[in-house]
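Let's go through this one by asking what earns each label. Here is the model.

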Amino acid sequence: RGKPPPSCCGWKQPMIYRKEVYLWYNGDSIQLFVAALIMINFVVNAAEAQVKDLPIKEGQLEPDKEGQHIFDGFELFFTVVFTAELLANMYAHWWREFWFSGWNLFDFIVVIIS
């Protein structure tokens, strides 16, 4: 943390703002913010799963869809934010440093699947 990104991949000139993005992305406040978003996303997904498991009322053929648009909105929000986080991470750590990290690969796969 706090050190500039290593030079990589034969780039002769530094990429625009890469050092600044690297320092910003690896700062404690951003890492804590992302961790908090992951926890909030987990809570929202757990709440959605609980609502979907509510029993069907008498005379209903399928579960209520009421309120589903709220969960859809949360899903879109988290997908956009985590995609932006992934792009910042990819730019900050560029090629080799990004792709040779198991956590970054895991993050990439999870964001692509979502």
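Q: What makes F108 partly exposed rather than buried or exposed?
A: This is a predicted model, and in it F108 has a relative accessible area of 25%. Buried needs under 20% and exposed needs over 50%, so F108, at 25%, is partly exposed. The residue lies in helix α5.

Q: Which residues does F108 touch, if you skip those up to four places away in sequence?
A: That would be L86, M90, F98 and W99. Contact here takes heavy atoms within 4.5 Å. As for T83, its C-alpha atom is separated from that of F108 by 8.8 Å, with the two positions 25 residues apart along the chain.

Q: Why is N89 called buried?
A: Its relative accessible area is 2%. The cut-off for buried is under 20%, so N89 counts as buried. N89 sits in helix α3 and, leaving aside neighbours within four places in sequence, is in contact with Y25, W94, F98, N104 and D107.

Q: What makes H93 buried, and where does it lie?
A: H93 is also in helix α3. At 8% relative accessible area it falls under the 20% limit, so the label is buried. Beyond its neighbours within four places in sequence, H93 is in contact with R18, Y22, Y25, N26 and F98. For Y22 there's a C-alpha distance too: 6.8 Å from H93, with the two 71 residues apart along the chain.

Q: How do you know that the buried residues of α1 are on the same side of the helix?
A: Helix α1 covers residues 18–25, and its buried residues are R18, Y22 and Y25. They span an arc of only 75° around the axis, which puts them on the same side of α1. There's a general rule to go with that: an α-helix has 3.6 residues a turn, so residues three or four places apart point the same way.

Q: What do the buried residues of α1 pack against?
A: They pack against α2, α3 and α4, the last of these being residues 95–99.

Q: What is odd about the phi of Y17?
A: Y17 has a positive phi of about 60° although it is not a glycine. In general, most residues other than glycine have a negative phi. Y17 is in the segment before α1. At 58% relative accessibility Y17 is over the 50% mark, so it counts as exposed.

Q: Why does V51 count as partly exposed?
A: V51 comes in at 40% relative accessibility. That lies between the 20% and 50% cut-offs, so partly exposed is the right label. Its place is in helix α2. E66 is 15 residues from V51 in sequence, and their C-alpha atoms are 9.9 Å apart in space.

Q: Which residues make up the largest nonpolar core, and what makes it a core?
A: There are eight in all: L37, V44, F71, F78, F82, L86, F98 and V111. A core is a set of buried residues of the nonpolar kinds, joined through side-chain atoms within 4.5 Å. The elements giving two or more residues to this core are α2 and α3, and α3 gives the most, with four. A second, separate core has six residues, including Y22, Y25, I30 and A88. In general, nonpolar side chains in soluble globular proteins tend to be buried together.

Q: What is V111 in contact with, neighbours within four places in sequence aside?
A: F82, T83 and L86.

Q: What lines the largest pocket?
A: The lining has 26 residues, with I38, F82, D107, V110 and V111 nearest the pocket's centre. By class, that's 15 nonpolar, seven polar and four charged. The space inside is about 680 Å³.

Q: Which elements supply at least two residues of that lining?
A: α2 (28–52), α3 (68–93) and α5 (102–113) each do. The largest share, nine residues, comes from α2.

Q: How many helices and strands does the protein have?
A: Five helices and zero strands, so the pattern along the sequence reads α-α-α-α-α. Of the 114 residues, 25% count as buried.

Methods
Residues numbered from 1 in each chain as written. Predicted model: local features only at pLDDT ≥ 70, side-chain atom pairs only at ≥ 80, totals over all residues. Heavy atoms only, no water. 1 Å grid on protein atoms, 1.4 Å probe; cavity = no way out; pocket = protein on both sides within 12 Å on 5 of 7 lines; lining within 4 Å. Points joined across faces, edges and corners; volume = space filled by probe spheres on them. Nonpolar A, V, L, I, M, F, W, Y, C, P; charged D, E, K, R; others polar. Buried < 20%, exposed > 50% of the residue type's maximum accessible area, 1.4 Å probe, protein only. Arc of directions from axis to C-beta.
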